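Let's take a friendly walk around the ligands and the space that holds them. Have the structure open as you read.

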Amino acid sequence: MPSPTLPITSIPSRQSHTDTTQSSSPCGEIHVIVGPMFAGKTTTLLRRIQAESNNGRTAAVIKSSKDTRYGLDSIVTHDGMKLPCWPLANLSSFRQKIGTDAYDQLDVIGIDEAQFFEDLYDFCCEAADHDGKTVIVAGLDGDYLRRSFGSVLDIIPLANSVMKLTARCELCGKRALFTLRKTDETQTELIGGADVYMPVCRQHYVSGQVVIETARSVLESKKLQCGSCT
Ligand SMILES: Nc1ncnc2c1ncn2[C@@H]1O[C@H](COP(=O)(O)OP(=O)(O)O)[C@@H](O)[C@H]1O
Ligand SMILES: Cc1cn([C@H]2C[C@H](O)[C@@H](COP(=O)(O)O)O2)c(=O)[nH]c1=O
């Protein structure tokens with residue numbers, strides 16, 4: 001498998017780096033990108049990684065191995081932009097997977113689908129505070145019920161910057177803040193794309209949830225009725 005570390009050819013010293021958009025610091029940095037599905041979180045992450053790489057910094061991207069939508073070795077946006085990545089079950093395995101030397105030479109670590117990593121907080125602390133890395137994290141702030149998702153919100157106090165992106169409501173075109181699940185599955189983690197989820201504004205989230213809840217209880221009562229028929 002080709003190493004998903006960019007750029008492969010040059011490994012500049014971290015001290016010589018000058019970044020015009022963010023203040024340089026001997027310590028690392030943490031930048032967090034959140035929002036509903038289809039808001040452009042992965043696109044923003046990949047663009048930032050690409051920009052860092054174009055500036056001569058060495059970068060690697062990690063995604064959760066739970067997300068098997070487009071194969072394991074690539075991060076792919078909803079509109080097809082693609083970058084090689086490290087698919088991992090947990091972030092603590094990253095240093096060992098990439099190798100200590102390669103880890104030490106990394107300037108920038110991107111993390112996509114951050115909501116699926118239980119050890120997000122500890123990894124970000126270690127990477128930024130102790131190892132001097134710039135960590136760029138993209139993930140869902142809320143699940144389909146608008147509850148805090150995984151540890152994404154826990155790292156806000158650690159962050160240099162937080163960006164909340166919005167999508168377009170699929171029903172009216174207004175700013176979409178939330179992700180509506182279209183199916184009747186109720187587990188928190190359910191991998192899927194536009195087949196299962198849609199971005200919606202506040203108004204259509206509320207009305208959509210009512211429709212889905214009503215449909216679910218009608219189906220439940222039908223099931224109960226059928227059960228008592230036999
Ligand atoms: N309802 C939708 N269904 C499928 N693709 C969408 C939808 N809304 C927006 N998109 C596309 O998805 C892109 C964003 O993809 P991506 O960066 O993967 O988003 P995120 O990581 O936030 O889910 C948008 O630029 C747009 O082209
Ligand atoms: C809302 C919600 C989403 N998921 C899953 C669905 C996708 O596989 C990812 C989000 O991907 P994206 O890059 O942000 O488009 O998360 C989930 O498991 N549970 C949810 O409630």
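The shell around ligand 1 holds six nonpolar, five polar and three charged residues. Please keep in mind that this is a predicted model.

**Around ligand 1**

Which residues come nearest to ligand 1? Of the 14 residues around this ligand, they are Phe38, Lys41, Thr42, Thr43 and Glu170. Among the elements, α1 gives the largest share of the shell, with three residues.

Oxygen atoms of ligand 1 have polar partners in Ala39, Thr42 and Thr43. For Ala39 the partner is a backbone N or O atom, 3.0 Å from a ligand oxygen. Thr42 instead offers a side-chain N or O atom, at 2.8 Å, and Thr43 also uses its side chain, with a distance of 2.4 Å. Ligand 1 on its own would expose 580 Å², and the protein buries 72% of that area.

**Around ligand 2**

Now turn to ligand 2, which has 20 residues around it. His78, Glu113, Tyr144, Thr188 and Leu190 are the closest of these. Sorted by class, the shell contains eight nonpolar, six polar and six charged residues. Two elements, α1 (41–54) and β12 (178–181), each contribute at least two residues to this shell.

The side chains of Lys41, His78 and Gln115 all reach oxygen atoms of ligand 2 with polar atoms: Lys41 at 2.9 Å, His78 at 2.7 Å and Gln115 at 3.4 Å. How much of ligand 2 does the protein bury? Taken alone, the ligand exposes 490 Å², of which 98% is buried by the protein.

The polar contacts of the ligands can be set side by side:

| Ligand | Residue | Part of residue | Distance to a ligand oxygen |
|---|---|---|---|
| ligand 1 | Ala39 | backbone | 3.0 Å |
| ligand 1 | Thr42 | side chain | 2.8 Å |
| ligand 1 | Thr43 | side chain | 2.4 Å |
| ligand 2 | Lys41 | side chain | 2.9 Å |
| ligand 2 | His78 | side chain | 2.7 Å |
| ligand 2 | Gln115 | side chain | 3.4 Å |

**The pocket**

Where do the ligands sit? Ligand 1 takes up space in the largest pocket, and the space taken by ligand 2 is the largest pocket as well. This pocket has a volume of about 470 Å³.

Its lining is made up of 34 residues, with Met37, Lys41, Arg69, His78 and Glu113 lying nearest the centre. The elements that supply two or more lining residues are α1, β4 (74–76) and β12. By class, 13 of the lining residues are nonpolar, 12 are polar and nine are charged.

Some names recur as you look around the pocket. Lys41 is listed among the residues nearest to ligand 1, has a side-chain atom 2.9 Å from an oxygen of ligand 2, and is one of the residues nearest the pocket centre. His78 and Glu113 are likewise among those nearest the centre, and both are among the closest residues to ligand 2.

Definitions and conventions:
Residues numbered from 1 in each chain as written. Chains lettered and ligands numbered in written order. Predicted model: local features only at pLDDT ≥ 70, side-chain atom pairs only at ≥ 80, totals over all residues. Heavy atoms only, no water. Near = heavy atom within 4 Å. Polar contact = N/O pair within 3.5 Å; in protein donor to acceptor, adjacent residues only side chain to side chain. Areas by Shrake-Rupley, 256 points an atom, 1.4 Å probe, with all protein chains shown as cover. 1 Å grid on protein atoms, 1.4 Å probe; cavity = no way out; pocket = protein on both sides within 12 Å on 5 of 7 lines; lining within 4 Å. Sits in = over half its atoms within 2 Å of the grid points. Helix = DSSP H or I, 4+ residues; strand = E, 2+ residues; numbered from the N terminus. Nonpolar A, V, L, I, M, F, W, Y, C, P; charged D, E, K, R; others polar. Points joined across faces, edges and corners; volume = space filled by probe spheres on them.
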